[in-house]
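This report describes how the parts of one protein chain pack together. Please keep the sequence and the model open while reading.

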Amino acid sequence: MSYFCKMFQKIFTLVIISLLFFSCNKTYENALKSNDPDKMLAAANTLFEQEKWQYAIELYGKVASNFAGMDEAEQIAYNSAYANFQDKNYPLAGRQYKNFHSGFSRSDKAEEALFMSAFSYYQGSPDYNLDQKNTREAITELQNFIDTYPNSEKIVEANQYINELQEKLAQKDFEIARSYHKTLKYKSAATSFANFLDDFPDSKYREEAFIYQLRSKSELALQSTFAKKKLRLQEALTTHRLFTRAYPNSKFSQEANNLRDKLIRETEQHEVALANYEVAKKEAEEKAKKEVN
């Protein structure tokens, strides 16, 4: 294809786009100028069919109150939610779909609307390292759909989304706990990993979280004060037993066993030190009694 043909195609495409844009603007502006609810609704529907979401959304918003309680109200409510979803206004779309389900519960689109409400919240879930308020709301809405329509064909899909969102929450908590370990805050790390293991029993991060808990508890025990060392050594060894029971063929098995051996040696040394301490303490008490007498 020649250079001039390519240029002609580009110019032709730009002209068509410009004409369509002008046409959309004209449809939108004429509807606003008319101040006629019927004409505005007709224009909104036309723009909706043309996928000019922002124009359609604004016109639906302007005429919704005029058609409240009328047959057109259902279409306006549904199309408005749909347009907002397509325009990626997910929080607003989620609320509108939910309101549609409440206001038109007998509609043949009610089930779809409740699913789309939950799916809108799902789409609005941010990356794992950001605030996960929307993620938790999405899980709640998806579970609400499952509870409301337990026989829906969308149940499998809804559960898949819940699992995905749960894993996102797990990743966030895992990274927070790991940051404690990396910054040598072993007590906070051990507590956070313990909470993680309780909260996310099916997470793909579970095995790694378990070994991090063992690392954290081991370091906490080894660096502990004399008075707290015995209990913390016992807790770390218990964590090792639980880890090996849960993951007998883990890729971390050698590391876990090395930590166990280190903890056993430290326990033996601590027992000797504790015994010597008790002997010294008893001798000091006897000496003190003699001096008093």
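A residue counts as exposed when its relative accessible area is over 50%, and as buried when that area is under 20%. Glutamate 51 has a relative accessible area of 54%, so it is exposed. The model is a predicted one.

**Exposed loop residues**

Glutamate 51 sits in the loop that joins α2 (37-49) to α3 (53-63). Its phi is near 65 degrees, a positive value in a residue that is not glycine. Lysine 88, in the loop between α4 and α5, also has a phi near 65 degrees, again positive in a residue other than glycine. With 60% relative accessibility, lysine 88 counts as exposed.

Asparagine 249 is found in the loop between α11 (226-246) and α12. Its relative accessibility is 76%, so it counts as exposed. From the C-alpha atom of asparagine 249 to that of alanine 83 the separation is 52 Å, and the two residues are 166 residues apart along the chain.

**Two buried residues**

Asparagine 79 belongs to helix α4. This residue is buried, at a relative accessible area of 9%. Outside its neighbours within four places in sequence, asparagine 79 is in contact with Asn45, Phe48 and Tyr60. Asparagine 79 and tyrosine 97 lie 18 residues apart in sequence, with 9.6 Å between their C-alpha atoms.

Phenylalanine 174 is part of helix α8. Its relative accessibility is 1%, so it counts as buried. Once neighbours within four places in sequence are set aside, its contacts are Phe193, Phe196, Tyr205, Glu208, Ala209 and Tyr212. Asparagine 195 is 21 residues away from phenylalanine 174 in sequence and 9.9 Å away in space, C-alpha to C-alpha.

**Nonpolar cores**

The largest nonpolar core holds 47 residues, and Tyr97 and Phe196 have the most contacts inside it. The elements giving two or more residues to this core are α4, α5, α6, α7, α8, α9 (186-199), α10 (206-222) and α12 (253-292). Apart from this core lies another, of 16 residues, including Met40, Leu47, Ile57 and Leu59.

Phenylalanine 196 is in contact with Ala170, Asp173, Phe174, Ser203, Tyr205, Arg206 and Ala209, leaving aside neighbours within four places in sequence. Tyr205 and Ala209 are thus among the contacts of phenylalanine 196 and also among those of phenylalanine 174.

**Three helices of 14 residues**

The table lists α5, α6 and α9 with the span between end C-alpha atoms and the span expected at 1.5 Å a residue.

| Helix | Length | Span | Expected span |
|---|---|---|---|
| α5 | 14 residues | 20 Å | 20 Å |
| α6 | 14 residues | 20 Å | 20 Å |
| α9 | 14 residues | 20 Å | 20 Å |

In α6 (110-123), 11 of the 14 residues are buried, so this helix is largely enclosed by the rest of the structure. Among the buried residues of α6 are Leu114, Phe115, Met116, Phe119, Tyr121 and Tyr122. The buried residues of α6 pack against α4, α5, α7 (133-148) and α8 (155-182).

In α5, the buried residues are Tyr90, Ala93, Gly94, Gln96, Tyr97, Phe100 and His101. Their packing partners are α4, α6 and α7. In α9, Tyr186, Ala189, Ala190, Ser192, Phe193, Phe196 and Leu197 are buried, and the buried residues of this helix pack against α8 and α10. Residues three or four places apart in an α-helix point the same way, because there are 3.6 residues a turn.

**The largest pocket**

The largest pocket contains about 160 Å³ of space. Its lining is made up of Tyr60, Ala64, Ala73, Ile76, Ala77, Ser80, Gln96, Asn99, Phe100 and Phe104. By class, seven of the lining residues are nonpolar, three are polar and none is charged.

Which helix gives the most to this lining? Helix α4 does, with four residues. Both α4 (72-86) and α5 (90-103) supply at least two residues of the lining. Two lining residues, Gln96 and Phe100, are also listed among the buried residues of α5. Tyr60 is another residue of the lining, and Tyr60 is in contact with asparagine 79.

Definitions and conventions
Residues are numbered from 1 along each chain as its sequence is written. This is a predicted model: local features need pLDDT of at least 70, side-chain atom pairs count only at pLDDT 80 or more; totals for chains, interfaces and linings use all residues. Side-chain values use heavy atoms; hydrogens and water are left out. On a 1 Å grid over the protein atoms alone, a cavity is a set of points where a 1.4 Å probe fits but cannot get out, and a pocket is an open set with protein on both sides within 12 Å along at least five of seven lines; lining residues have an atom within 4 Å of a point. Grid points are joined across faces, edges and corners, and a volume is the space filled by probe spheres set on the points. Ala, Val, Leu, Ile, Met, Phe, Trp, Tyr, Cys and Pro count as nonpolar, Asp, Glu, Lys and Arg as charged, and the others, Gly among them, as polar. The expected span of a helix is 1.5 Å times one less than its number of residues. Buried means under 20% relative accessible area, exposed over 50%, partly exposed in between (1.4 Å probe, protein chains only). Contact means heavy atoms within 4.5 Å. A nonpolar core is a set of buried Ala, Val, Leu, Ile, Met, Phe, Trp, Tyr and Cys residues joined through side-chain atoms within 4.5 Å.
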